[in-house]
Amino acid sequence: MMWRSPFGRRQRQQQQQRRLGSGGALRAKAMAPRLQLEKAAWRWAETVRPEEVSQEHIETAYRIWLEPCIRGVCRRNCKGNPNCLVGIGEHIWLGEIDENSFHNIDDPNCERRKKNSFVGLTNLGATCYVNTFLQVWFLNLELRQALYLCPSTCNDYVMGDRIQEEKDYEPQTICEHLQYLFALLQNSNRRYIDPSGFVKALGLDTGQQQDAQEFSKLFMSLLEDTLSKQKNPDVRNIVQQQFCGEYAYVTVCNQCGRESKLLSKFYELELNIQGHKQLTDCISEFLKEEKLEGDNRYFCENCQSKQNATRKIRLLSLPCTLNLQLMRFVFDRQTGHKKKLNTYIGFSEILDMEPYVEHKGGSYVYELSAVLIHRGVSAYSGHYIAHVKDPQSGEWYKFNDEDIEKMEGKKLQLGIEEDLAEPSKSQTRKPKCGKGTHCSRNAYMLVYRLQTQEKPNTIVQVPAFLQELVDRDNSKFEEWCIEMAEMRKQSVDKGKAKHEEVKELYQRLPAGAEPYEFVSLEWLQKWLDESTPTKPIDNHACLCSHDKLHPDKISIMKRISEYAADIFYSRYGGGPRLTVKALCKECVVERCRVLRLKNQLNEDYKTVNNLLKATVKGSDGFWVGKSSLRSWRQLALEQLDEQDGDVDQSNGKMNGNTLNKDESKEERKEEEEELNFNEDILCPHGELCISENERRLVSKEAWSKLQQYFPKAPEFPSYRECCSQCKILEREGEENEALHKMIANEQKTSLPNLFQDKNRPCLSNWPEGTEVLYIVSQFFVEEWRKFVRKPTRCSPVSSVGNSALLCPHGGLMFTFASMTKEDSKLIALIWPSEWQMIQKLFVVDHVIKITRTEVGDVSPSETQYISDPKLCPECREGLLCQQQRDLREYTQATIYVHKVVDNKKVMKDSVPELNVSSSETEEDKEEAKPDGEKDPDFNQSNGGTKRQKITHQNYVAYQKQVIRRSMRHRKVRGEKALLVSANQTLKELKIQIMHAFSVAPFDQNLSIDGKILSDDCATLGTLGVIPESVILLKADEPIADYAAMDDVMQVCMPEEGFKGTGLLGH
């Protein structure tokens, strides 16, 4: 193709704009919407025939010479204009750019420990309660110093005071874990460290939040037990020296005045806070005198009888560190679970314990050193933090896992925590606190330190081998910081280079009169997106069937200069390149034809209707389907719309994100399955169908018009013969229908009562004068009746399949009693006269009969019923056992719950019901009642033959193919249907019932068949809850506060505390 001069191009551009109408309509200042641009690009097709399409029309269709948009005038990208290169993401590159925008790597220095600050601890999921205590214990300088004095047992890692470089240090004991953790907290360069080694050594579940107070007790006990093996007394006794006090339970007899003392050690005082507002009131109640009277009288050894007495606790000695546990988490007898008391308790920074101890005169003034906080209204959720005072500087710090915050002015500040925990507006207001006092409704533990005159100048030195471990970890951290900084620098350098590239190339992107190429808009946007790496150019998604640029894809393409395209392909690769030669003339011509047909469709529709009114003479006509004629206009319009370009297809993804090929194949397959024009008169063999009612003759002129729109439609001239194969099949079908009607009529005449279900025998009321009755499968009878009623639609029944009623041994599977009750729906009884006719009409595989006999000479004689074949007890028992087992081992089965009030069922529609649809017939819905008892009158013996052994499971699978038994409960209005499994506990069922009826588990009284369900840990299978069971629910009282259900939702699983961890069993 010859390249024309730019001057000629501009002339043609001006001509095209005049041809399209007002030239100003396509200029940047008044850019038309996308649809208007689309119409304008193809307006020439109204006057140009397909064979007259020229290069000028092709360039107009591809909108080559539309005016490009100007930055500042065009606000967003015009997808209808391939020359609009505004709003594709270039704005972030053309100005000055912040270097931080070139990377998504955080500054590694943010992970560095701040000067004069402490190190945080990572929350491993729900381990915030562990982190708070670790920080409190770390800031106990005496405890830390004693732990550092513990000798290491890791001889494999320690050589002298040094650590072997080739081995990673792994602490072996709890003391070593705590040593290493404290050393890192003291001298690490990291902002926070990972305590996973310590937590793993204790065997704690990182995903489950535990009782913080219980953890404190158990760990102190474990630590004391571990240190008791140390030789150094300063190490061995550190827990007792720091945390252990002593009190006595003193009981005084009112009769003789004898005192009885029971000494006990304590590591914390557990203070009840219910009904109190001040810490001192809680302590006073703890030491309050208790009267022992009535049934609770005390046995006095001096009086040798039960006497009234008083009992109280006397504090004998106090530890250096006094831990006061505020009992916020209490057991609620009504709910059966723990709850949190969110009441305010006031406490002072200075606590004088002298009024509470027995021996006066000592130093008992304590100073507040830590406050442990639980934020949250529930005992089963929330977050733990700690406010701890630095013993060396006297400054307060808030420890919140990884984050450490220094309080201003060396003051304890709890106000923020109290505000964050505000559960509702109805809560009581926070009391006013004086200087040196605080109030909290979230503090659950207060730590006081014995006040001394001199300030602690203890400088705790980290042992050499631990410091070497810390230095090694600090070196790894510094290497990581350098690596991250280098990655940031590389990203910045790459971003700067990209910045220069974009600034240079974007100015050269527009293609004027020089050679040009097309690149997808999506690829250009990704090239300008710094957050994603630029992929090779992929233009395959915009190609037409001729491997050129599809005209419909021009809205997602951009025309760029050849200079810019050369740089893109050299740097990023890809293809195919879409130059000026990629403009597809074949597609433009086809599109022109389609557009002209669409414009012509209305006129042709009227013409065809007039031609259809005329009578076709001779053999000049063509066969057309009546259905096709009724909808040909709609079919033509849909077909033309598809050829005119699918809008959704034009928005398809490109550059490696093309539409799913499997999905497109499925869509094409579905479209191909729909009948096209005139395919409604095609027979299965691809020939003209034999039914003349579905087609009519049209004139040659009418067919010519229709063929313009449906050139690929099957053509059938009037002289065309119908399909010969279909004619043969039609004759055979008519003969078969006649034969079936004759067979059905003969069988109906031979067995009239069986067909009409009249005068049927009954086992429970044996007919007089009859000694033998025969048995067939009810399934056979039903299928035979269907055939007799509709012989032309159903296949004839040729055989009686009685093997379905027998086990693999050939024995009968039903007892006489069961055939009179639940199994009666599976069998049909046959009179002897009918049986003779059945043997003539059908092939019988097994004869099953029951004979009545009289036994004994005494009058009245005993009647027995004998089956042939006889009962197979083994398989019968196996079937019953399997049925019972199926009722106990089920998953996702449906049960029903009735709510009752005053023993009356309540129709409650508070929540949507689970709809259980059923399409079974009435006989399928009959409730099964397995009966394994033998009837004494039904004489069945095992026989003397040796039978083959089979498993019950194999037989049950075989038996289920024919025998269908439904136990579906008919759900009445207002019942709630729940999906449950046999291994589900009753507690889990109560949670489901709570969602359905808004009744908390502890208010639920459940029963089934009069049996109370009370064991929450038992499974539904063991409780006798089977599919389709109906459980009665009686609620103690309605719940008014639905927010109280928060605790209930947290206890779906049984609470096991620290069971299975390293804190127990030491």
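Reader: Arg-314, buried or exposed?
Author: Buried: this is a predicted model, and in it Arg-314 has a relative accessible area of 16%. The cut-off for buried is under 20%, so Arg-314 falls on that side.

Reader: Which residue does Arg-314 form a salt bridge with?
Author: Glu-358. The closest N and O atoms of Arg-314 and Glu-358 are 3.4 Å apart.

Reader: And where do those two sit in the chain?
Author: In distant parts of it, 44 residues apart. Arg-314 belongs to strand S11 (residues 309-317), while Glu-358 is in the loop between strand S16 (350-352) and strand S17 (365-375).

Reader: What does Glu-358 count as for accessibility?
Author: Partly exposed, at 30% relative accessibility.

Reader: ok, how many salt bridges does the count come to?
Author: 29 salt bridges. One of them joins Asp-566 and Arg-577, with the closest N and O atoms 2.5 Å apart.

Reader: Where are Asp-566 and Arg-577?
Author: Asp-566 is in helix H16 (residues 562-572). Arg-577 is in the loop between strand S26 (574-575) and helix H17 (585-613), and the two are 11 residues apart. Asp-566 is partly exposed, with a relative accessible area of 37%, and Arg-577 is also partly exposed, at 36%.

Reader: Got one with both partners in helix H25?
Author: Sure, Glu-783 and Lys-786. They are three residues apart, about one turn of the helix, and their side chains meet in a salt bridge at 3.4 Å, N to O. Glu-783 has a relative accessible area of 29%, so it is partly exposed. Lys-786 is partly exposed too, at 43%.

Reader: Which residues do shared partners join into one network?
Author: Glu-38, Arg-63, Asp-552 and Arg-591 are joined into one network by salt bridges that share partners.

Reader: Switching to rings. How many aromatic pairs are there?
Author: A search of the whole structure finds 31 aromatic pairs. Take Phe-677 and Phe-710: their ring centres are 4.3 Å apart and their planes are at 10°, so that pair is stacked.

Reader: What does that pair tie together?
Author: Parts of the chain that are 33 residues apart in sequence. Phe-677 lies in the loop between helix H21 (661-673) and strand S28 (695-698), and Phe-710 lies in the loop between helix H22 (700-709) and H23. Both Phe-677 and Phe-710 are buried.

Reader: And why is the pair of Phe-780 and Phe-842 edge-to-face?
Author: Because the ring planes of Phe-780 and Phe-842 are at 90°, and over 60 degrees counts as edge-to-face. Their centres are 5.3 Å apart. This pair links distant parts of the chain, 62 residues apart: Phe-780 is in helix H25 (residues 778-789), and Phe-842 is in the loop between helix H27 (832-841) and strand S32 (843-844).

Reader: Are those two buried or exposed?
Author: Phe-780 is buried, and so is Phe-842.

Reader: Which residues form an aromatic cluster?
Author: Tyr-129, Phe-133, Trp-137, Phe-198, Phe-215, Phe-219, Tyr-384 and Tyr-444 form one.

Reader: Last topic, surface charge. Which residues gather in a patch of negative charge?
Author: Five glutamates in the 730s: Glu-730, Glu-732, Glu-734, Glu-735 and Glu-737.

Reader: Where's Glu-737, and what is its relative accessible area?
Author: Glu-737 is in helix H23 (residues 724-750). Its relative accessible area is 39%, so Glu-737 is partly exposed.

Note on methods
Residues numbered from 1 in each chain as written. Predicted model: local features only at pLDDT ≥ 70, side-chain atom pairs only at ≥ 80, totals over all residues. Heavy atoms only, no water. Patch = residues over 30% accessible without salt bridge, like charges linked within 9 Å, V, L, I, M, F, W, Y side chains within 5 Å. Areas by Shrake-Rupley, 256 points an atom, 1.4 Å probe, with all protein chains shown as cover. Salt bridge = Lys/Arg side-chain N within 4 Å of Asp/Glu carboxyl O. Lys, Arg positive; Asp, Glu negative; His and termini not counted. Charge placed at Lys NZ, Arg CZ, Asp CG, Glu CD. Helix = DSSP H or I, 4+ residues; strand = E, 2+ residues; numbered from the N terminus. Buried < 20%, exposed > 50% of the residue type's maximum accessible area, 1.4 Å probe, protein only. Phe/Tyr/Trp six-rings, centres within 6.5 Å; stacked < 30°, edge-to-face > 60°.
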